[in-house]
Amino acid sequence: MTKILSLYPNCSKGGMTTVYRTRALASPEDKHDFIFMNDRGGREAFNSLPNTDYRIFVKGRFTPAIKYIAQNFDYDQIRVTSMPEAANQLSQALPGKVTYEFHSSTVAIIESELSRLDIDALQSIQTPSNWLTNVVSRRLTRSQAEKCVTVPNLVDQGTFNRSVPPTDRLLPEGTVPILWIGRFDKGKNFNDFLRVLSILPQSFIPIVVVSYETEPDRISRALQEARSYGVADRILTHLNLSQNQLAGLYTWTRDHGGLFVSTSLAESFGYSIAEALACGLPTVAYRVGGVPEVPTLGTRHQLVPVGNVYQMAAAVESLRLGSQTSA
């Protein structure tokens, strides 16, 4: 049995919690311990997994807790994300055991963390895509870059697959669901989704799943933008769906001839895209970051240049016509 310790700031319902949960599911023979600094509502992700334990230490107690763990517990692997100071502390106490992970696609964040890391003391640096590995390694010396490895994120095939029962939802006759998931920040780029909707026929009904949005002002701005594009009355909105609920929404959208659209401007991997494709939902996305590396699993998809909303709208209609032909 391999004992693995992973550290990350936030125990939330998405992001690294999804990464950690899927890793634990994929290696039930290993023991996974997770330590977080902030409780963001993600505890239930680990409750059903017998090979996991998690702890949440507030900021003032986090550093002493790390020091105690380093002195009293024996782990085969230690993985740290978004916490360079914690990685340095553990590397000093346990040389050769610490892997630092990058999952952000924001260059400024990557450069900030690299500047604070004792890279030479790390065992390795890991990212989920070759694209992100290249972004990181270009900012290192040649010997440091040799520590960079790509380990793609895993998709929970037990939750996201083609046989998931679709959710029971009503849709007006003759309409087509088009699904978008994210926050109302610049990176997820909800504005381009609205632009695509304004180009498409009104028979396309947008279903927006807002995940982990914490800023009311951004929600207000998004609604104002939707009104300005004349699509606000068509949008159906859901908040913070569970993974099982999302999987059922993917297969329901697929079974009603719909599509998933990602207008994200940067992705280190693209979890929503990977999950939609695993459920057989045709997908259109911007060709950014690690998205071209996402396994398609035989699902029809198109990638378009960033910002070309007319080409994205055309891709949506093309895949829609393909669905009608194959049916």
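**Exercise 1. Determine in which sense strand E12 and E13 pair and over how many bridges, and place the pair in its sheet.**

Step 1. Strand E12 (residues 283–286) and E13 are paired in the parallel sense, over four bridges. Strands (E, at least two residues) and helices (H or I, at least four residues) are DSSP runs numbered from the N terminus, and two strands pair if DSSP finds at least two bridges between them.

Step 2. Within this pair, Ala285 has Leu303 in E13 as its bridge partner.

Step 3. The order E10-E9-E8-E11-E12-E13 describes an open sheet of six strands with parallel pairing. Its edge strands are strand E10 (236–239) and strand E13 (301–304), each of which pairs on one side only.

Step 4. On average, neighbouring strands of this sheet are turned by 20° against each other, direction ignored. Axes are lines fitted to C-alpha atoms, for helices over the stretch in contact, and angles run from 0 to 180 degrees between N-to-C directions.

The model is a predicted one: local features require pLDDT of at least 70 and side-chain atom pairs count only at pLDDT 80 or more, whereas totals for chains, interfaces and linings use all residues. Residues are numbered from 1 along each chain as its sequence is written, and side-chain values use heavy atoms, with hydrogens and water left out.

**Exercise 2. Establish the strand order of the sheet of seven strands and describe what packs on it.**

Step 1. The open sheet has the order E3-E2-E1-E4-E5-E6-E7, with parallel pairing. Strand E3 (52–56) and strand E7 (148–150) are at the edges with a single partner strand each, so one side of each has no neighbour in the sheet.

Step 2. The average turn between neighbouring strands of this sheet is 25°, direction ignored.

Step 3. Helix H4 (residues 84–93) packs on the sheet and touches strand E1 (3–11), strand E4 (77–81) and E5; contact means heavy atoms within 4.5 Å. The direction of H4 makes about 170° with that of E5.

Step 4. Strand E5 (residues 98–101) runs parallel to strand E6 (residues 124–127), joined to it by three bridges. Glu101 stands opposite Gln126 in E6.

Step 5. E1 and E2 also run parallel, joined by eight bridges; the partner of Tyr8 in E2 is Phe36. Strand E2 (residues 31–39) is largely enclosed by the rest of the structure, because seven of its nine residues are buried. Buried means under 20% relative accessible area, exposed over 50%, and partly exposed in between (1.4 Å probe, protein chains only).

**Exercise 3. Classify the packing of H5 with H6 and that of H8 with H9.**

Step 1. The axes of helix H5 (residues 107–116) and helix H6 (residues 130–137) come within 10 Å and cross at roughly 50°.

Step 2. H5 and H6 are therefore oblique to each other. Angles under 35 degrees count as roughly parallel, over 145 as roughly antiparallel, 65 to 115 as roughly perpendicular and the rest as oblique.

Step 3. H5 passes H6 in a right-handed crossing. A crossing is right-handed if the near helix is turned clockwise from the far one by less than a right angle, and left-handed if anticlockwise.

Step 4. Val107, Ile110 and Leu114 of H5 make the contact with Leu132, Val135 and Val136 of H6. These residues comprise six nonpolar, no polar and no charged. Here Ala, Val, Leu, Ile, Met, Phe, Trp, Tyr, Cys and Pro count as nonpolar, Asp, Glu, Lys and Arg as charged, and the others, Gly among them, as polar.

Step 5. Helix H8 (residues 190–199) and helix H9 (residues 216–228) pack at about 20°, their axes 10 Å apart. H8 and H9 are therefore roughly parallel to each other, and H8 passes H9 in a right-handed crossing.

Step 6. In H8, Phe190, Asn191 and Leu194 meet Ala222, Glu225 and Ala226 of H9. The residues of this contact divide into four nonpolar, one polar and one charged.

**Exercise 4. Characterise the surroundings of Phe46 and Ser105.**

Step 1. Phe46 lies in helix H2 (residues 44–47) and counts as buried, at 2% relative accessibility.

Step 2. Not counting residues up to four places away in sequence, Phe46 touches Cys11, Thr17, Tyr20, Arg21, Phe34, Phe36, Thr52 and Tyr54.

Step 3. Ser105, in the loop between E5 and H5, is buried with a relative accessible area of 17%. Leaving aside neighbours within four places in sequence, Ser105 is in contact with Trp131, Ala266, Glu267 and Ser268.
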